[in-house]
Structures are given as C-alpha cells and as structure tokens.
Amino acid sequence: MIIQILRTPYTTALHKRIRGQCSSCLRLRWRLCARCSGTQMWRIRPCYRSYAMSSVKLDGAGAGAVEANSKPTGPLMKNLESIAPLVQSAAETPEPISTQVQGIIPTWINGKFLRNGPGKFEFGNTHYNHWFDGMALLHQFRIEHGRVTYMSRFLRSDAYKKNSERNRIMISEFGTLAMPDPCKSLFQRFLSRFEVMDVTDNASVSFVKYKGDYYVSTETNFMHKVNPENLETLDKVDWSKFIAVNGATAHPHYEPDGTTYNMGNSYGNKGALYNIIKVPPEKAEAKDTLQGASILCSIVPAKKSHPSYYHSFAMSENYVVFIEQPIKMDLLKIVTSKLRGRALGEGVYWDPTQETVLHLADKRTGEVSAVKYHTAPLSTFHQINAFEEDGLLMVDMCCSDDGRAIGNYLIQNLRRSGHALDEVYNAGCRAFPRRFVLPLRVTDETPAGQNLNTRSASGATCVKVGKNKVFCQHEDLHGDDLHDYGGLEFPQINYSKHNTRSYRYFYGCGFRHLVGDSLLKMDLRDKTLKVWYQRGFYPSEPVFVASPDAVEEDDGVILSVVLTPSQDKGTFLLVLEAKTMEELGRANVPVNIPYGFHGAFNPS
C-alpha cells in the first residue's frame, strides 16, 4: 500500500522508509517499512487516488522487497521450509520413462494427466524475474492398467526458440523486460527502445480444449496446439486472426456439446473493452482451429484506460459472469514499458478505493444486464462454480481482500529461506472460498434497502441500493478450520456433471506456504473439511476424475503431482480416493519437476 506520512518519522537503522509513486496522481508517497508500520504510532492515511502494486522499492533492500498487506489473514508462519528447488530450471524428458508405483493405481483410470507450468528460468547470463515468466514445460503422466509412465517437453514457442538460439532472453515476459542486444552500438540500443515490443507466445498456464483439440494457453493472443500423445508442439494460433481481441484467458468454460466460452480484452483508440467469446464445437475442416469464433458481447470498463486484470470468469446455465476487480492495468505504462525500461507487470496495480463489480451477460442473446452487482474490493483468480436457483444466481469463488499477491511471486522471493521467506509469506493475504448471491429479477419496482436473498440457509445478502445497482455481501464457504490451512486456492469440482449446476463438493490446495502444501475437500452441506497433508510435500492443483460407474458426486479419484524440495528426484503422482481423501497409491518419478500451474485429464 502506498500511504502518505503526515508527520515524517526519524529514520534509524531499525527501520527504513518506502518510497513509491502513486500510479494515478503521480505524486511521491512515503511509508514505513513493514517491520515498523505495525509497531510505531505514526499518523498515516491512504493516498486517495490509488495504491501502486509494483513500483515500490525498499531503500537499501534492492528489488523484490515485500510490503505487508493491509488485511493479513491466517496464522503467521515461522521457519518455513525452503522451496527453492521447486522453482529451478529442469531438463525435459522427451521419451516416456517408467515410474515406481506404491499402493494401488485403480485399473479403471486410463488416460493422460497433462500438466503445464514454467520449467526454465534463465538463458545464458540472463534470468527471469517473475515466476510467471519461465518457459512452458509440458508434462504427461500416462496411466494405463495400474501403471504410469512420465514424459515432458518444452513448448517450442517462438519465445523459447529465439531465446535458445541466442542463449539470452530475447522476448519480454510479464515481469522481465528483454534487454537490447549487447553487441549493438550504444545508439542502436537506444533506438531499440522505440521498437514495438514482441508479444510472448510462452503458453505456460494451462491445457485447454477447442473443437476437440488440445492447446496450451497463456493470456496473450497466442496459443499452441499440441499433441497430447507425445507433447509435440503443432500449430501456433493467433486469436486476433479470427476475432478482434488482443488476448484470451487460459480458463475457458465448456458446454456439454463442446461449445466453448472465453473472455479477452480488445484495445483501440477509445480504450479497452472486455469481450465474451464463443467458439463453436464443430470443425468444418480437419485443420480448423478457431474458425467460427465470435464475440458474443462486449462490456465497457469503469475506466477504459485502466481496465481490470482478470485471470478467469464464471459461467452458469444461462449467464457468463465477469468480475471486474480492483486489480487494474495502466495501459499507458504498459504500452510505454519498453521505452521506460520497465517490465510489463509494473503497469498492474491494486486500487482498493474501487468496488468490485459483477457483470452478467446472457449466453443466449448476448445482452449485458443493466443491473450491476457491487461488492467490497476483492481479488479473485479462480472461480469455483456458478448456478441458478429460484431466480437467484450463486457465484462461488476464491477471494482475497488484497490484490497484490502477484507482486510476491518474484523468483527471488520464492527462493528465499529462513526469516526472509517467512516475511514474504506473512506479508501476503490468503484466499478463501466465498459465495455471492445475485438476484436475477431486479426491476424499477424491486424494493430498495432490503435483502433480496430468499435462501433461508444462506448468510449472503444482496440489497438494491439504487437504480440498476445491487450491493452484495458474501457468505463464507468454509469453517474456521480453513484458516489453519492457509485458505484455499486452485479450486476444482466434478466439472462434467456439476459445472453450472448445484453441487456439494469442491477440492483445492491449502496454502500454508507460497505454494500449496495440502489437498483439501470442502463439503458445502456442513462446511467441513477432509485433508491430505504430509509435512514437506507440496501438491499441485487437484484434478477430479469420476469413476466409470459413478453414482454420487464424489465417486472418483483426485490426481495431483506432489513435489518434495528436500529430496532429490522426490516427485510423485498422487492418487486419492475422492470420497475419503485417503491415499490409494502414488507413482514415483525419477526426475525433478518444477512446481506448475494447471492441467487436465485426457481420458483414453
């Protein structure tokens, strides 16, 4: 938080001052460092304009200094284990290798568990700054008849190939600016700042499907079609060649017939637009990619030059739900980042003076609802589910009361140890599952000032406060015990059966570290947890796979890749009984794997 000191403190060796520039009013702001601000009685107040996310540096501490969040949640942690081995470059394993199975891998699981995430963090003497910047490393766990093989390949993106050819970072990423060629003259290097920055195609976030084909995706306008059988990189696909968008999320939603919805921004002379994208399920020709994609509708940002950043969106049976959160993008800073010699990520900031606004778009007509649903400032990266009942729309998502988490995931922060690592973690704000209830039949005759949530068992409220404006207060989808596990992220459900429908269970990672350190199952009926936890083990996003004879919602297994930083080649694929969260078996992989982001199960 950038805050304004009303009385300048005396700076001693015990505490230092932080100086940063407010991204809206451009005035310099000062505050005490996190070590002092909680104990010294200085009169401070927020800069009324905005709170910069990335432009703050601690005097004398160098880049990567961490600033305490305004609303820390969960227990403070001490003596956290170093996870530096989880964010180190790894070699690819292009040919399948056998794993050693302990316990039992159910023989009915037949398919490929695909995972994506960063796997290379330097080229030559140049290093990436942010976790999101690493080159995409694709993983495949092939499960057949109780046996498991493993293979991995780097995505052969243009960014990867150019970087490899020159043995240095050639393409800028979210947190890393590619520097000019050192072999050029000083004048040539100066002129290169005025060249248009290449957009990265390093698709390191997830595996997604369009028209039955698998792609790996990030949040730019580029995706890559890949062969799930051998992880070979196939076609590079540019969204902007099919529809007028400059990017799309790595978290599309799917209808049972294969129709796919996504969201992406477009930027023009009049600023930004949020666009809802619809991709048909069929191919006209075998080589088709995104042919037939269309923009269902567009939503105007609250401020076109400062649109919200979003990682995903929600979808119910009849609506796409877009959450316009106070994580903002300063487009002028982003466009001029190369000229100014700054990373793209420094144009992203948290503005808690802005409310969060939920927008509804009708999937059938493309009409954007005039009613806007407001709530307190929050940040969300992943939604859990959304469904409609009795004229109400329930939107469940993992939320944090602070939006600066992205700034904590610098590689040097993830590689810290001892007290410095504890400080990074404790400065963060945890994410917790929450439900927002949105009334769908709000008209001029709808009474103001009273709770429109008619679900008697729900603690959420939604009150009409003005014409076409409803203010919503959330309901917690957890008990107090979730605080002991550091909140929950990477949520997953039985998607094929319960996405857009009422549901009872969701799964996720507990976060008593900067990465997941437990696997959790939440029962919404009584908000109780079932937990898989083993000290020193760090599981990835859980993926639910239903059993072939499933009757109940949780009949199936949970798949997760578990890493062990204290043990060389201590990686294994974990299989849990979804109903009990008890271990069925694990497949030990004799290679080191970096911690990744998202994946999918591709049944045979």
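Here are some numbered notes on the predicted model shown above, moving from the annotated histidines to strands and salt bridges.

1. **The annotated histidines.** A good place to start is the UniProt record, an unreviewed entry, which lists H251, H311, H382 and H598 under "binding site". These four are spread over 348 residues of sequence, yet they cluster in space, with a largest C-alpha distance of 12.5 Å.

2. **H382.** This histidine sits in strand β27, which covers residues 379–389. Is H382 buried or exposed? Its relative accessibility is 9%, and buried means under 20%, so H382 counts as buried. Leaving aside neighbours within four places in sequence, H382 is in contact with the other listed histidines, H251, H311 and H598, and also with S312, M397, C398, E489, F490 and P491. With H311 there is a side-chain to side-chain polar contact of 3.3 Å.

3. **H598.** You will find H598 in strand β42, residues 598–603. At 3% relative accessibility, H598 is buried too. Beyond neighbours within four places in sequence, H598 touches H251, H311 and H382. Its other contacts of this kind are R115, N116, V205, S206, F490 and E541. F490 thus appears in the contact list of H382 and in that of H598.

4. **A four-stranded sheet.** Strands β13, β14, β15 and β16 form an open sheet in that order, with antiparallel pairing. Which strands stand at the edges? They are β13 (206–210) and β16 (233–238); each has a single partner strand, so one side of each is left without a neighbour in the sheet. From one strand to the next, the twist averages 35°. S206, named above as a contact of H598, belongs to the edge strand β13 (206–210).

5. **The β15–β16 pair.** Strand β15 (residues 222–226) runs antiparallel to β16, and four bridges connect the two. If you would like a specific pair to look for, H224 has K236 in β16 as its bridge partner.

6. **K236 and a link to a helix.** K236 also makes a salt bridge through its side chain, meeting D158 at 2.7 Å, N to O. Since K236 lies in β16 and D158 in helix α2 (residues 158–166), the pair ties together parts that are 78 residues apart in sequence. Both ends are partly exposed: K236 has a relative accessibility of 36%, and D158 has a relative accessible area of 26%.

7. **A loop-to-loop salt bridge.** The side chains of E255 and K363 meet at 2.8 Å, N to O. E255 lies in the loop between β17 (253–254) and β18 (260–268), and K363 in the loop between β25 (356–362) and β26 (372–375), so this pair ties together parts that are 108 residues apart in sequence. The two ends sit in unlike surroundings: E255 is partly exposed, with a relative accessible area of 22%, whereas K363 is buried, at 4%.

8. **Other salt bridges.** How many salt bridges does the count come to? The count is 27. Among them is the pair E583 and R586, whose side chains meet at 2.8 Å, N to O. Here E583 is partly exposed, at 31% relative accessibility, while R586 is buried, at 11%. There is also a network of salt bridges that links K521, E552, D554, D555 and K579.

9. **The enclosed strand β22.** Strand β22 takes in residues 319–324, and six of its six residues are buried, so the strand is largely enclosed by the rest of the structure. Which residues point each way? Y319, V321 and I323 point to one side of β22, and V320, F322 and E324 point to the other.

10. **Partners of β22.** Strand β21 (residues 314–315) pairs with β22 in the antiparallel sense over two bridges, and a hairpin of three residues joins them. Within this pair, A314 stands opposite V321. Strand β22 also runs antiparallel to β25, joined by six bridges, and E324 has V357 in β25 as its bridge partner. Strand β25 (356–362) is one of the strands flanking the loop that holds K363, which offers a handy way back to the salt bridge between K363 and E255.

How values were computed:
Residues numbered from 1 in each chain as written. Predicted model: local features only at pLDDT ≥ 70, side-chain atom pairs only at ≥ 80, totals over all residues. Heavy atoms only, no water. Pairing = 2+ DSSP bridges. Axes fitted to C-alpha atoms, helices over the stretch in contact; angles between N-to-C directions. UniProt positions renumbered as here; feature names shortened; annotations may be inferred. Buried < 20%, exposed > 50% of the residue type's maximum accessible area, 1.4 Å probe, protein only. Contact = heavy atoms within 4.5 Å. Polar contact = N/O pair within 3.5 Å; in protein donor to acceptor, adjacent residues only side chain to side chain. Salt bridge = Lys/Arg side-chain N within 4 Å of Asp/Glu carboxyl O.
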